[in-house]
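Grab a coffee and open the viewer. Below are a few exercises to work through, each with a solution that goes step by step.

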Amino acid sequence: MFPPYIVGARREWHPPLWLRGRCSVDMSFALAACEDPLIRMGTVLVTGGCGFVGSHVVDELIARGTSVRVLDLLHPLAHDGEPGYLNPGAEYVFGDVRDAEVVARCLDGVDAVSHQASMVGLGADFDDVADYVSHNDFGTATLLRELARRPVPLVLAGSMVVYGEGRYRCLEHGLVRPGPRTPERLAAGEFDPPCPTCGRALVPESIPEDAPLDPRNVYAATKAQQEALCAAFARETGAAVTALRYHNVYGPRMPRDTPYAGVASIFRSALQGGRRVRVFEDGQQLRDFVHVRDVAAANVLALDSGGAGTFNVASGEPHTVGELAAEVSAAFGGMEPETTGEYRLGDVRHVFASTGRAAAELGFRAQVSFAEGMREFATAELR
Ligand code: UD1
């Protein structure tokens, strides 16, 4: 475990000021006058608030006048020290969410928690399993144990990876759940999973929140476990917990190409390195690419609503990975993408979201279109 107050990979000890006030916002006048429930919310603790999604949540909250405290490890795998984009309107604690003492102090005076701290992606290999479980699940457990002493509403950064494959319909057998695709079929270029009963072709459908969970890799298992722990916390304390299942988030500050990065960042990094984008399988796999500013807006709506529930956070506009490659390559002015037929064992074929519940209950509708978001992303600053 990393001790608190260490910034970046250099492991410098910083003065034992648990809150490094960068620019405290005096909200007292606004609290009295404003009817906006967000402004009345007081202070929100954002764990992982220096990261890709977390930092945008911080920006969005501060723009709306909420006071924000950030707890972030600045994990060396994700950061080379403090990122330049940190919002000076927040208070920053550089410490570990697995450290109960730091968490307890961070929770002091907090009215809601946005839990974004997480190790993401597929990892380098199975050796990463203990780190994923430690950061994601033990970290969440530590946070929840401290929160249970003083329960406040919690918004969890979840992921669509908990679903495993998306939803499929067989014209003969209705809704079916295909298992993992076999190496033999993938090697033969048969990328679409067949009906497990009759072997016929299936039609992919948008996945609703009540679909059964089928986490298929270590990261997915830890995200499913986070949801289960948060549900237990909600039942036992009566606190409102909102789990937001992010689909494929992209946008400025996305981490560069690492074993922990998603496809949009891999493509963008390839273009920046003067390489051609490599599209796996036949490029027809469907995802929902949602802009990070929309994800931040969904988080603020969830904090605002204070209502419990589980919601897909997605654009509602599914696109193929081939379309993603073409759009980003064209906007960047790079070479035409190459569809390679390669495959990764464990990848799912299609997964895209049903967005009705988030629209109805949170009032969330993504604002950034695929074309507009990709144009911006093609030249956006990565981390
Ligand atoms: C991704 C993330 C997952 C996150 C989820 C929702 C990873 C590894 N996966 O899942 O953590 O929770 O989005 O935000 O971070 N592909 C290529 N070329 C490449 C790399 C990938 O064509 O160079 C293809 C893959 O084969 C796959 C698709 O792109 O079909 C998506 O890949 P990726 O973003 O890695 O994984 P997701 O399953 O979408």
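**Exercise 1. Strands side by side**

How many bridges join strand 5 to strand 6, and do the two run parallel or antiparallel? Keep in mind that you're looking at a predicted model.

*Solution.* Start with the pairing: strand 5 (residues 67-72) is joined to strand 6 by four bridges, and the two run parallel. For a landmark, find Leu71, which stands opposite Val93 in strand 6.

Next, check the faces of strand 6 (residues 91-94). In a regular strand, side chains alternate between the two faces of the sheet. Here Glu91 and Val93 sit on one side, Tyr92 and Phe94 on the other, and all are buried. Both faces of strand 6 are therefore covered.

**Exercise 2. Two helices, two buried sides**

Work out which residues of helix 4 and helix 12 are buried, and what covers them.

*Solution.* Take helix 4 (residues 100-107) to begin with: its buried residues are Val102, Val103 and Cys106. They cover an arc of only 100 degrees around the axis, so they lie on the same side of helix 4. The cover over them includes strand 4 (43-47), strand 5, strand 6 and helix 5 (129-148). Just after helix 4 comes Gly109, with a positive phi near 80 degrees.

Now helix 12 (370-377). The buried residues here are Phe370, Gly373, Met374 and Phe377. Their arc around the axis is only 95 degrees, which puts them on the same side of helix 12. A general rule helps: an α-helix has 3.6 residues a turn, so residues three or four places apart point the same way. Turned away from the buried side are the exposed residues Ala371 and Glu372. As for the cover, it includes strand 13, helix 8, strand 16 (289-291), strand 18 (319-320) and helix 10 (321-332).

**Exercise 3. Buried or exposed?**

Decide whether Gln226 and Ser369 count as buried or exposed.

*Solution.* The cut-offs you need are 20 or more C-beta neighbours within 10 Å for buried, and 12 or fewer for exposed. Gln226, in helix 7 (residues 218-237), has 25 such neighbours, so Gln226 is buried. Leaving aside neighbours within four places in sequence, Gln226 is in contact with Asn136, Asp137, Thr140, Leu156 and Gly158. Gly139 is 87 residues from Gln226 in sequence, yet their C-alpha atoms are 9.3 Å apart.

Ser369 is in the loop between helix 11 (356-362) and helix 12. Its count is 12, so Ser369 is exposed. The C-alpha atom of Ser369 is 8.3 Å from that of His291, with the two positions 78 residues apart along the chain.

**Exercise 4. The nonpolar core**

Which residues touch the most other members of the largest nonpolar core?

*Solution.* The core has 93 residues, and the ones to pick out are Val70, Leu244, Phe267, Val295, Ala298 and Val313. Helix 9 (residues 292-305) gives the largest share of this core, nine residues. Follow Ala298 outwards: beyond its neighbours within four places in sequence, Ala298 contacts Leu244, Val313, Ala358, Leu362 and Phe364.

**Exercise 5. Around the ligand**

Find the residues that come nearest to the ligand, then sort the shell by class.

*Solution.* Of the 25 residues around the ligand, Gly121, Ser159, Gly262, Val263 and Phe280 come nearest. Two or more shell residues come from each of strand 13 (248-250), helix 8 (263-272) and strand 14 (278-279). By class, the shell has 14 nonpolar, six polar and five charged residues.

Definitions and conventions: Residues are numbered from 1 along each chain as its sequence is written. This is a predicted model: local features need pLDDT of at least 70, side-chain atom pairs count only at pLDDT 80 or more; totals for chains, interfaces and linings use all residues. Two strands pair if DSSP finds at least two bridges between them. The arc is that of the directions from the helix axis to the C-beta atoms. Two residues are in contact if their C-beta atoms, placed from the backbone, lie within 7 Å. A nonpolar core is a set of buried Ala, Val, Leu, Ile, Met, Phe, Trp, Tyr and Cys residues joined through C-beta atoms within 7 Å. A residue is near a molecule or strand if its C-beta atom, placed from the backbone, lies within 6 Å of it. Ala, Val, Leu, Ile, Met, Phe, Trp, Tyr, Cys and Pro count as nonpolar, Asp, Glu, Lys and Arg as charged, and the others, Gly among them, as polar.
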